[in-house]
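Please open the model in your viewer and keep the sequence panel beside it, as this tour moves from one selection to the next.

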Amino acid sequence: MIAGAIGGKPKTPTPGLVASTGSKFLSSLPKLGIVSVPNGASVIYLKSRGNLRIQAVEGSRKTVIVNEKVDDFDDKFNNGHAGQNRSQLSTVGKSTNIKWQDCSVGKIDRQRLLKQKGCVIWITGLSGSGKSTVACALSQFLHQRGKMCYILDGDNVRHGLNRDLGFKAEDRAENIRRIGEVAKLFADAGVICIASLISPYRRDRDACRALLPEGDFIEVFMDVPLQVCEARDSKGLYKLARAGKIKGFTGIDDPYEQPLNCEIVLEHKGGDGASPCVMAEKVVSYLEEKGYLEA
């Protein structure tokens, strides 16, 4: 509930809610917390049921200490869109006269609630390389540890959101773009999003990486030779492609561009290779090392 607006007069407070602006308010409530803001900044304080809450702060970068907890308001209101000026009406693509709506509950709050950090684990590789199998094993490991995750499987997404897209180059690019945007929303919600799809072109994967803050896009390359994938051929797609019944099939008559600087490589090392569980454990270890399994 907002009791006042920055730079203006407070609105009529909600019953049971005390609204005030300026620094004098704090002196009367020394036990509730300390707020440090730049000179000239304007602050709105909300006091409800004996707790101090900070609704909004105007000024440069702010550090707010409330009841011994530190919040960075620039991050709190970011919602994963750092560097954008969202105060004015704007045009994005074909959408005109739109304005970003901020909310006082931000990414950091959601991460604290879930006790984890949101990110995107992007699993890429040829058809038959084991992407979906590893994704499911990874999801199971994370679930057992009480971590919230969700899989965006390439085929599953084409059953709904992307059912209007084919497999031409432009459709494949749009397929990846949409999944990248959805994955970003999951990460902003504090969820560990596992995207599992061929995504054969570097430029499309790099465009999805660019949507997220540094480090939050974790590219996992299933480094499995074409002959191994074709020998598996669990869906029978390679056979159809070799027979000319499927055109533009990745690895046969359409290229797959291997990642150049991915975070994790899961290699096939002779025989049946490492098990999906072993591969998934490698990803979990990476998440632990980078601090994504805690908030």
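Two strands are said to pair if DSSP finds at least two bridges between them. Keep that in mind for the opening stops, and note also that this is a predicted model.

**Stop one: strand β9 and its partners.** Select β9, which spans residues 119–124, and then add the strands it pairs with. With β11, strand β9 pairs in the parallel sense over five bridges, and C119 has I192 as its bridge partner there. With β12, strand β9 likewise pairs in the parallel sense over five bridges, and here V120 stands opposite F217. Is β9 enclosed by the rest of the structure or not, and how many of its residues are buried? Six of its six residues are buried, so the strand is largely enclosed by the rest of the structure. If you colour the two faces separately, you will find C119, I121 and I123 on one side and V120, W122 and T124 on the other, and both faces are covered.

**Stop two: the nonpolar cores.** In soluble globular proteins, nonpolar side chains tend to be buried together. In this model the largest nonpolar core holds 25 residues, of which I121, L142 and I218 touch the most other members. Among the elements that give two or more residues to this core are β9, α4 (131–144) and β12 (217–223), together with α10 (276–289). Select I218 next and display what surrounds it: leaving aside neighbours within four places in sequence, I218 is in contact with residues including C119, V120, I121 and W122, and also with I264, Y286, L287 and Y292. A second, separate core has 14 residues, and V120, C193, L212 and F217 are among them.

**Stop three: S199.** Move now to the loop between β11 and α7 (202–209), where S199 is placed. With a relative accessible area of 3%, S199 is buried, because the cut-off for that term is under 20%. The side chain of S199 makes a polar contact with the side chain of W122, at 3.0 Å. Beyond its neighbours within four places in sequence, S199 is in contact with W122, T124, I176, R205 and Y256. If you also mark Q258, you will see a residue that is 59 residues from S199 in sequence, while their C-alpha atoms are 10.0 Å apart in space.

**Stop four: R178.** Select helix α6, residues 169–188, and within this helix pick out R178. The relative accessible area of R178 is 18%, and R178 is buried. Which residues is R178 in contact with, once its neighbours within four places in sequence are left aside? They are L161, N162, D164 and L165. From the side chain of R178, a polar atom lies 3.2 Å from the backbone oxygen of L161.

**Stop five: two residues with positive phi.** Finish with N97 and D233, taking the backbone angle and the surroundings of each in turn. N97 has a phi near 55 degrees, a positive value in a residue other than glycine, and its place is in strand β8, residues 95–98. D233 has a phi near 40 degrees, again positive in a residue other than glycine, and lies in the loop between α8 (226–232) and α9 (237–242). Which of these is buried and which exposed? N97 is exposed, with a relative accessible area of 60%, whereas D233 counts as buried at 18% relative accessibility.

Methods
Residues numbered from 1 in each chain as written. Predicted model: local features only at pLDDT ≥ 70, side-chain atom pairs only at ≥ 80, totals over all residues. Heavy atoms only, no water. Helix = DSSP H or I, 4+ residues; strand = E, 2+ residues; numbered from the N terminus. Buried < 20%, exposed > 50% of the residue type's maximum accessible area, 1.4 Å probe, protein only. Polar contact = N/O pair within 3.5 Å; in protein donor to acceptor, adjacent residues only side chain to side chain. Contact = heavy atoms within 4.5 Å. Core = buried A, V, L, I, M, F, W, Y, C linked by side-chain atoms within 4.5 Å.
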